[in-house]
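Student: Please take me closely through a single part of this model, and explain what surrounds it. I would like one connected account, with the cut-offs behind each term.

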Amino acid sequence: MMHNPPHPGESHTRSLPGTLGLGRKGSRHIRKTLSELLNGHAGVSPEMAIRLSIAFNTTPEIWFKHQMQYDL
């Protein structure tokens, strides 16, 4: 069951791995961190927001907004 609003990772579960091109080539650390985010076990930190904004050509504020809505 998805929260309302969903955790930032839950709402992007299907798009993140393919977009980032993570497969066997991705490092174990990146896959573990990404997995924790996608499964709602980790929040979006400032550093993660910056990395996600670079990967998706967005702004860090978008990712913080998702996290803030979930936290509230």
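Tutor: Of the 72 residues in the protein, 22% are buried, where buried means under 20% relative accessible area, exposed means over 50% and partly exposed lies in between (1.4 Å probe, protein chains only). This is a predicted model, in which local features need pLDDT of at least 70 and side-chain atom pairs count only at pLDDT 80 or more, while totals for chains, interfaces and linings use all residues. Residues are numbered from 1 along each chain as its sequence is written, and side-chain values use heavy atoms, with hydrogens and water left out.

The protein has four helices and zero strands, these elements being DSSP runs numbered from the N terminus (helices: H or I, at least four residues; strands: E, at least two). Confidence needs a word first: the mean pLDDT, the predictor's confidence in each residue from 0 to 100, is 75 for the protein, and 62% of its residues reach 70 or more. Among the elements, helix α1 (residues 16–20) has the lowest mean, 52, and helix α4 (residues 60–71) the highest, 91.

The part I would choose is helix α3, which spans residues 46–56 and supplies three residues, the largest share, to the largest nonpolar core. That core has six residues in all, namely L37, V44, M48, A49, L52 and W63; a nonpolar core is a set of buried Ala, Val, Leu, Ile, Met, Phe, Trp, Tyr and Cys residues joined through side-chain atoms within 4.5 Å.

Which residues of α3 are buried? They are M48, A49, L52 and S53, and they lie on the same side of α3 because they cover an arc of only 135 degrees around the axis, the arc being that of the directions from the helix axis to the C-beta atoms. The general background is that an α-helix has 3.6 residues a turn, so residues three or four places apart point the same way. On the other side of α3, R51 and I54 are exposed.

Two residues of the buried side show what it packs against, where contact means heavy atoms within 4.5 Å. Leaving aside neighbours within four places in sequence, A49 is in contact with V44, P60, W63 and F64, and S53, on the same terms, is in contact with T58, T59, P60 and W63. S53 counts as buried because its relative accessibility is 7%, and a polar atom of the S53 side chain lies 2.7 Å from the backbone oxygen of I50.

V44, a member of the core, also has Q67 as a partner in space: their C-alpha atoms are separated by 6.2 Å although the two residues are 23 apart along the chain. Q67 lies in helix α4 and, at 8% relative accessibility, counts as buried.

Finally, consider the chain just beyond the helix. α3 is followed by N57, whose phi is positive, near 55 degrees, and N57 is not a glycine. For background, most residues other than glycine have a negative phi. N57 is found in the loop between α3 and α4 and is exposed, with a relative accessible area of 72%.

Conventions:
Polar contact = N/O pair within 3.5 Å; in protein donor to acceptor, adjacent residues only side chain to side chain.
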